[in-house]
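Here's a quick briefing to read alongside the coordinates. Have the viewer open, and jump to whichever topic you need.

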Amino acid sequence: MAPTPDEDVPLEDSPLDSTAPDTVENPEAPERPTPDPTAEVPEVFQQDTVDAPAKAPKAPLSLDFYAVSDVGRVRKDNQDSGYAGPWLLSVCDGVGGAARGDIASGTAVNELRQLDEPPGSADVLDRVSDGIHEAHVAIGNQVDQDPSLNGTSTTATVALFDGTRLALGHVGDSRAYLLRDGELSQLTNDHTFVQSLIDEGRITAEEARVHPHRNLILKALDGLHDVEPDLFALELVAGDRLFLCSDGACGVLDDPRITEILADGSPEFSAIEMVRASLDAGSSDNVTCVVADVAEAVPDAVPHEPMIVGAAADLRQRRPRALFRGHRSGDTGELEPVAAEIPEGIDYAIRADPPADPEAMRYAPQAPPRFIWPRRLLGLAVLVGLVWVVLGTAYWWSQRQYYVGEDDGKVVIYRGVEVPGLSSVHEVSDISVDDLPDGLASSVEDGIPADDYDAARDKVQQIAGEVDRAEDPADESPEPSTTPDPTSPATPDPTGDASDFAPVE
């Protein structure tokens, strides 16, 4: 009877007895020779099992890339930003219009470009997630510094390479594609309203291209609302081609056309041709394309220089104004710098005063303008003063002008010009307009100009003489004479009576 599990088993009956066979005997199996206990033990024991061979490490890969961005044929400014480097590919499409979407996309790309470093111990997916979060925070800081940017946002499609794998992070409607063995695969899923309708089966992809709400984005980086990006990774093989673009390209080009363009040519040719094809297809948006080929890494090969395109490259650097300007750019001295005096390893001579980081200066906060209202009031006061001087000068000149006219049936001398409000009666004569000949009376009513006050009195004396000759024709000279023109200067009549004028005080 077999012992129970709780019972002790005698040593001699134990299955661990050294004399017990290792296996149960099979009556049909050939007898195995009993080993001689006195035989020598071999130095190396032959194993009954063979270890599985270890997988050979994959050959490292590298990226050959090119990036290009175009403002397009409709928009006035480029709100796309793109980046391509040995380890990072990224496309950001700014949203916001008047809220400066170019600031959002440029800020995001300049924050994400810090991921373009050789892989370390951190997981690439974690690095992508952290980079997108830092871009989100950087946009929020921009909005805090300039409230007019409130409402700006950007999409973000980020592809981080570690030599064998590609980690992708995605928010918005920019896209990433993979071309492998002639077959095109869309790696990202649009965060748009029309894509949700496609997923529900309510519309087709072809109908989505002309849907009136095709530009409605459900997710974007705006610095205010936290969003969870799509994160995933895939293994790459030599010969793969990666394509990242804004919706200015994928919104007008279908998959067969994209495959056709990506199938041939270098990354530079494919990227430029993709932009040209998008514009020819009627794209009304900015177009940004990044193309990268996956190839086996060449030892000791010098990596290509990173490329940054679009709004991120166009943002002006905010540099402080120099107080002194020399004959060279910012150089006030006449001697060239002595390179031997600059320590090795740094590009500046004063260790305690390193040069400003262009990236930090680009987004450095600017001091708000000072004394805005006092400046405006001062400018208004200067403007009012100039107007007062002009009007005062014009009035002063007008009050030194005189002319002969009619007032209340009398011939009078006016001071000023014949403009309402700028003339007044200066002297009144005893000459009645009714006593004047018709032609002369009409001239007086229209106003007879004079150079000065004395000329005006002379004209009145001439008019008085005409009245006297009209009343006493016997005093006229037998010789024919013409009627003097009172509008022309003449010598005063010595017979004139100064009592004909009554000054008006």
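What follows is a short overview, then notes grouped by topic.

Keep in mind that this is a predicted model. The protein chain has 505 residues, and buried ones make up 35% of them. Its secondary structure comes to twelve helices and 17 strands.

**Overall picture**

- Take the contacts between residues at least 6 apart in sequence: 68% of them join residues at least 24 apart.
- The chain exposes about 32400 Å², and 54% of that area comes from carbon and sulfur atoms.

**Nonpolar cores**

- As a general rule, nonpolar side chains in soluble globular proteins tend to be buried together.
- The largest nonpolar core here has 22 residues, and L89, L166, L236 and L242 have the most contacts inside it.
- Strands feed this core: β1 (61-70), β3 (88-95), β5 (156-161), β6 (165-171), β7 (175-180), β10 (241-245) and β11 (287-296) each put in at least two residues.
- Of these, β1 gives the most, with four residues.
- Which residues does L166 touch, once those up to four places away in sequence are set aside? The list is A159, L160, F161, F232, A233, L234, L236 and L242.
- Two residues on that list, L236 and L242, also appear among those with the most contacts inside the core.
- There is also a second, separate core of 20 residues, with I258, A271, M274 and V275 among its members.

**Salt bridges**

- The structure holds 13 salt bridges.
- One of them pairs the side chains of D280 and R73, at 3.1 Å from N to O.
- D280 sits in helix α7 (residues 267-280) and R73 in the loop between β1 and β2 (80-84), so this pair ties together parts that are 207 residues apart in sequence.
- Are the two partners buried or exposed? D280 is partly exposed, with a relative accessible area of 45%, while R73 is exposed at 58%.
- The D280 and R73 pair belongs to a wider network of salt bridges that links R73, E273, R276 and D280.
- Another bridge joins the side chains of D285 and R75, at 3.4 Å from N to O.
- Here D285 is in the loop between α7 and β11, and R75 is in the loop between β1 and β2, so the pair ties together parts that are 210 residues apart in sequence.
- D285 is buried, because its relative accessible area is 14% and the cut-off for buried is under 20%. R75 counts as partly exposed, at 40%.
- A third example is the bridge between the side chains of R165 and D162, at 3.9 Å from N to O. R165 is partly exposed, with a relative accessible area of 24%.

**Helix α10 and the nonpolar patch**

- L377, L380, L383, V384, V387 and L391 make a nonpolar surface patch of about 580 Å².
- V387, one of the patch residues, lies in helix α10 (residues 372-398).
- V387 counts as partly exposed, because its relative accessibility is 42% and that class runs between the 20% and 50% cut-offs.
- The UniProt record, an unreviewed entry, annotates residues 377-397 as "transmembrane region".
- In the model, the span 377-397 is 100% helix and 0% strand, and its end C-alpha atoms lie 30 Å apart.

**Backbone oddities**

- For background, most residues other than glycine have a negative phi.
- D181 is not a glycine, yet its phi is positive, at about 55°.
- D181 lies in the loop between β7 and β8 (183-186), and at 80% relative accessibility it counts as exposed.
- D300 also has a positive phi, near 60°, and is a residue other than glycine.
- D300 is found in the loop between β11 and β12 (307-310), and it is exposed, with a relative accessible area of 80%.

Conventions: Residues are numbered from 1 along each chain as its sequence is written. This is a predicted model: local features need pLDDT of at least 70, side-chain atom pairs count only at pLDDT 80 or more; totals for chains, interfaces and linings use all residues. Side-chain values use heavy atoms; hydrogens and water are left out. Patches are made of residues with over 30% relative accessible area and no salt bridge: like charges are joined within 9 Å, nonpolar side chains (Val, Leu, Ile, Met, Phe, Trp, Tyr) within 5 Å. Accessible areas come from the Shrake-Rupley method with a 1.4 Å probe; for residues, only the protein chains shown count as cover. A salt bridge is a side-chain nitrogen of Lys or Arg within 4 Å of a carboxyl oxygen of Asp or Glu. Buried means under 20% relative accessible area, exposed over 50%, partly exposed in between (1.4 Å probe, protein chains only). UniProt positions are given in the numbering used here, feature names are shortened, and annotations may be inferred rather than shown by experiment. A nonpolar core is a set of buried Ala, Val, Leu, Ile, Met, Phe, Trp, Tyr and Cys residues joined through side-chain atoms within 4.5 Å. Contact means heavy atoms within 4.5 Å.
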